[in-house]
Amino acid sequence: MIINTRPKNLSGNLISLCEAQEIALNNIYLSKINSIDPSKIAIDKIKNIHSYSNLIFTSQAAASFGLDILKSFFDLDDLPHNFLSVGPATSNKLLESGIKSHFPQSHSSEGILKLIENNFLGKSLLFCGENSNGFLQQKLKASLDEIVCYEVIYLLEQIPKVTDNNEIFLIYNFSTLKFLITNLDDAVLRKKIFIAASENIKDRCQNEFKELEIHVSQSPTDKMMIDMAKNFI
């Protein structure tokens with residue numbers, strides 16, 4: 001059985017892909033995403049949007065909630081900025097609002113950094129969540145400002161839905177894996193196979209916690225995550 005751990009409002013594509021391939025999928029929505037109203041400081045950054053060359057979105061939620069903020073101040077067609085997204089899913093979320101974006105082949109923050117350094121020099125404004133890994137903030141420093149536009153809330157009431165059966169868990173970020181490790185017994189965890197969206201998730205798990213059976217998808221897209229998971233069904 002494949003277990004989807006994504007928030008419900010980000011799971012539509014994954015559910016559709018599994019239905020089309022007749023793959024059994026159990027949805028355990030371990031978290032939910034809430035928007036965060038922009039602070040006065042964030043509003044001041046928006047009002048000075050002309051001072052930025054690049055607008056960066058590091059997740060589908062950042063694209064959704066970040067665009068909502070932008071739309072409350074501007075017509076998106078009037079923004080001449082470079083739009084950068086972390087990968088195809090986030091790019092598609094922007095495209096729903098008519099925004100074409102650039103994303104790196106690696107589908108990572110590291111890839112966004114290389115894009116900026118090689119092609120999009122100038123000051124950047126990053127839309128992200130409270131769970132941001134801080135990579136771009138650390139690397140770009142004074143040449144980047146951020147607007148935290150959403151929060152991820154992990155749901156303890158979902159943990160009892162995790163059985164002690166052999167199951168394959170799709171893991172899209174380290175925080176979700178950390179939540180499972182913190183709240184499940186070792187004996188249960190050892191029965192699971194984890195499909196991680198990036199090498200970084202696997203490396204952080206092995207460095208900070210314990211060695212689990214983790215396999216890394218070729219890319220963090222829903223299709224590639226499922227393709228990797230099918231190897232273990």
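Biologist: Which residues of α2 are exposed on the other side of the helix from its buried residues?

Modeller: This is a predicted model, in which local features need pLDDT of at least 70 and side-chain atom pairs count only at pLDDT 80 or more, whereas totals for chains, interfaces and linings use all residues. Residues are numbered from 1 along each chain as its sequence is written, and side-chain values use heavy atoms, with hydrogens and water left out. Buried means under 20% relative accessible area, exposed over 50% and partly exposed in between (1.4 Å probe, protein chains only). On that other side, the exposed residues are Lys 40, Ile 41 and Lys 47.

Biologist: Within what arc do the buried residues of α2 fall?

Modeller: Helices (H or I, at least four residues) and strands (E, at least two) are DSSP runs numbered from the N terminus. In α2 (residues 40-47), the buried residues are Ala 42, Lys 45 and Ile 46. They line one face of the helix, because the directions from the helix axis to their C-beta atoms fall within an arc of 100°.

Biologist: Which element supplies the largest share of the largest nonpolar core?

Modeller: A nonpolar core is a set of buried Ala, Val, Leu, Ile, Met, Phe, Trp, Tyr and Cys residues joined through side-chain atoms within 4.5 Å. The largest one has 36 residues, and those touching the most other members are Leu 170, Leu 177, Leu 180, Phe 194, Ile 195 and Leu 212. Elements that each supply at least two residues include β8 (167-171), β9 (192-196) and α9 (199-208). The largest share, five residues, comes from α7.

Biologist: Which strands lie at the edges of the open sheet?

Modeller: Strands pair if DSSP finds at least two bridges between them. Five strands follow the order β2-β1-β8-β9-β10 with parallel pairing, and three bridges join β9 to β10. In that pair, Ile 195 stands opposite His 215 of β10. The edge strands, each pairing on one side only, are β2 (25-27) and β10 (214-216).

Biologist: How far apart are the axes of α7 and α9?

Modeller: Axes are lines fitted to C-alpha atoms, for helices over the stretch in contact, and angles run from 0 to 180 degrees between N-to-C directions. Contact (heavy atoms within 4.5 Å) is made by Phe 174, Leu 177 and Ile 181 of α7 with Ile 201, Arg 204, Cys 205 and Glu 208 of α9. The two helices pack at an angle of about 35°, and the distance between their axes is 9 Å.
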